[in-house]
Amino acid sequence: MEPLRWGVIGTGRIAAAFVADLELTESGRTVAVGSRSPRSADEFADRHRIPNRHPSYEEAVADPEVDAVYVATPHPMHRGAAVLALEAGKQVLVEKPFAMNAVEAGEIADAARERDLFAMEAMWTRFLPHVVEIRRLLASGALGTIVSVSADHGQWFAEDPKSRLFAPELGGGALLDLGVYPVSFASMVLGAPSRVSAVVDPAFTGVDGQVSMAFGYESGAQASLSCTLRAKSPTRAAIVGTEARIEVDPDFYRPSGFDLITRSGERTRFDPAHDGHGLRLQADEVARCIGAGLTESPAMPLEETVAIAATMDQVLAAALTPGR
Ligand SMILES: NC(=O)c1ccc[n+]([C@@H]2O[C@H](COP(=O)([O-])OP(=O)(O)OC[C@H]3O[C@@H](n4cnc5c(N)ncnc54)[C@H](OP(=O)(O)O)[C@@H]3O)[C@@H](O)[C@H]2O)c1
């Protein structure tokens, strides 16, 4: 199969990590980059030896040598850039969170479905070997009935009002940037919650700085999840079932390992080898799906991505904030 030809939109931190990781795979290569500024496009292209550089996103998505567009802008620009690419007939991989809310996420999904094009949220964690193995164990029933899921994602960020993490106009806030990982992890195990409650405290710019979530499911299972921009947290995850539990090592959302511990205490270790950042595995999945004629990944389908966005909408709507 010919390698998928990627065009990258945005020249920031994660775009650089994705392009570097693509060099570790045979499934695709970066052929083009688009930036809001010609200088950034040139600098990025020179740094990563990318042949085609474009001084606008419009020109990048129109590049006939591009098969698939990777959207790596701040989240408020995801919907616009993804739809732009789909309208130009390109397949899309859109950074997490897929969009700012469920309505926007649904608009991207609809634009892809209308054109029979592939679209996926770049929830790269789903494709890491330890998570693939967790899904296999879940499907095998090894854990019994799932009782609870827990996961946390806290990172320390300097209080800079211009930082993407804190600026409201750039989609700042803990939930969409960090909390999306625990919420997506719980969704992978338990689906969409039927009850959502949350405690949210604002950061100094007013965006959500710290969020604790409790979800209830029709099955009787529960999830307790949290995220914060104020400190590095353990970044562990656990899935507890009636027969066994899984304890994922820190950082659960990156290449990692886990223990499977049965009710009687028998422990099995899973510690896969990893190379690179781990981002290339989602690129492999995009290439595999497109090669197989699929318009969605079975491991990260659009319906679930939209449901995850809806759950995060519910978290912010249900939030107990100071003074409420
Ligand atoms: N998968 C992961 O592990 C991971 C990690 C970090 C971030 N992310 C996600 O990736 C996205 C980008 O994050 P990042 O950390 O790479 O951000 P970043 O370093 O700030 O880069 C974002 C890029 O988007 C473009 N952009 C378009 N409109 C912009 C605006 N109004 N202000 C600033 N930049 C704008 C810029 O490129 P041009 O000027 O060249 O157009 C900029 O370089 C976010 O949605 C984030 O959640 C994912």
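Biologist: What is 3.1 Å from an N or O atom in the side chain of R164?
Modeller: An oxygen atom of the ligand. Please keep in mind that this is a predicted model.

Biologist: And which polar backbone atom does a ligand oxygen approach at 2.9 Å?
Modeller: That backbone atom belongs to R36. In addition, a nitrogen atom of the ligand is 3.4 Å from an N or O atom in the side chain of W124.

Biologist: How many residues surround the ligand, and which are the closest?
Modeller: There are 23 residues around the ligand. The closest are T11, S35, Y57, H75 and K96.

Biologist: Let us turn to the sheets. In what order do the six strands of the open sheet run?
Modeller: The order is 3-2-1-4-5-6, with parallel pairing. Strand 3 (52-54) and strand 6 (119-122) are at the edges with a single partner strand each, so one side of each has no neighbour in the sheet. On average, neighbouring strands of this sheet are turned by 25° against each other, direction ignored.

Biologist: How many bridges join strand 4 and strand 5?
Modeller: Four bridges, in the parallel sense. Within strand 5, Q91 is the residue opposite A68.

Biologist: What about the sheet of nine strands: what is its order?
Modeller: That open sheet follows the order 14-13-12-11-7-10-9-8-15, and its pairing is mixed. Strand 14 (267-270) and strand 15 (319-320) are the edge strands; each has a single partner strand, so one side of each is left without a neighbour in the sheet.

Biologist: Which strands does helix 6 touch there?
Modeller: Helix 6 (residues 129-140) packs on the sheet and touches strands 7, 11, 12, 13 and 14. The direction of helix 6 makes about 20° with that of strand 13.

Biologist: And how does strand 8 pair with strand 15, parallel or antiparallel?
Modeller: Strand 8 (residues 195-202) pairs with strand 15 in the parallel sense, over two bridges. A198 has A319 in strand 15 as its bridge partner.

Biologist: Now the aromatics. How many aromatic pairs are there?
Modeller: The structure holds seven. In one of them, F18 and Y70 are stacked, at 3.9 Å centre to centre and with 20° between the planes. F18 is in helix 1 (residues 13-22) and Y70 in strand 4 (residues 68-71), so this pair ties together parts 52 residues apart in sequence.

Biologist: Are these two rings' residues buried or exposed?
Modeller: F18 is buried, at 1% relative accessibility. Y70 is buried as well, with a relative accessible area of 0%.

Biologist: Which residues form an aromatic cluster?
Modeller: Y181, F185, F252 and Y253 form one.

Notes: Residues are numbered from 1 along each chain as its sequence is written. This is a predicted model: local features need pLDDT of at least 70, side-chain atom pairs count only at pLDDT 80 or more; totals for chains, interfaces and linings use all residues. Side-chain values use heavy atoms; hydrogens and water are left out. Two strands pair if DSSP finds at least two bridges between them. Contact means heavy atoms within 4.5 Å. Axes are lines fitted to C-alpha atoms, for helices over the stretch in contact, and angles run from 0 to 180 degrees between N-to-C directions. Rings of Phe, Tyr and Trp (its six-membered ring) pair if their centres lie within 6.5 Å; planes under 30 degrees apart count as stacked, over 60 as edge-to-face and the rest as tilted. Buried means under 20% relative accessible area, exposed over 50%, partly exposed in between (1.4 Å probe, protein chains only). A residue is near a molecule or strand if one of its heavy atoms lies within 4 Å of it. A polar contact is a pair of N or O atoms within 3.5 Å; within protein, one must be able to donate a hydrogen and the other to accept it, and residues adjacent in sequence count only if both atoms are side-chain atoms.
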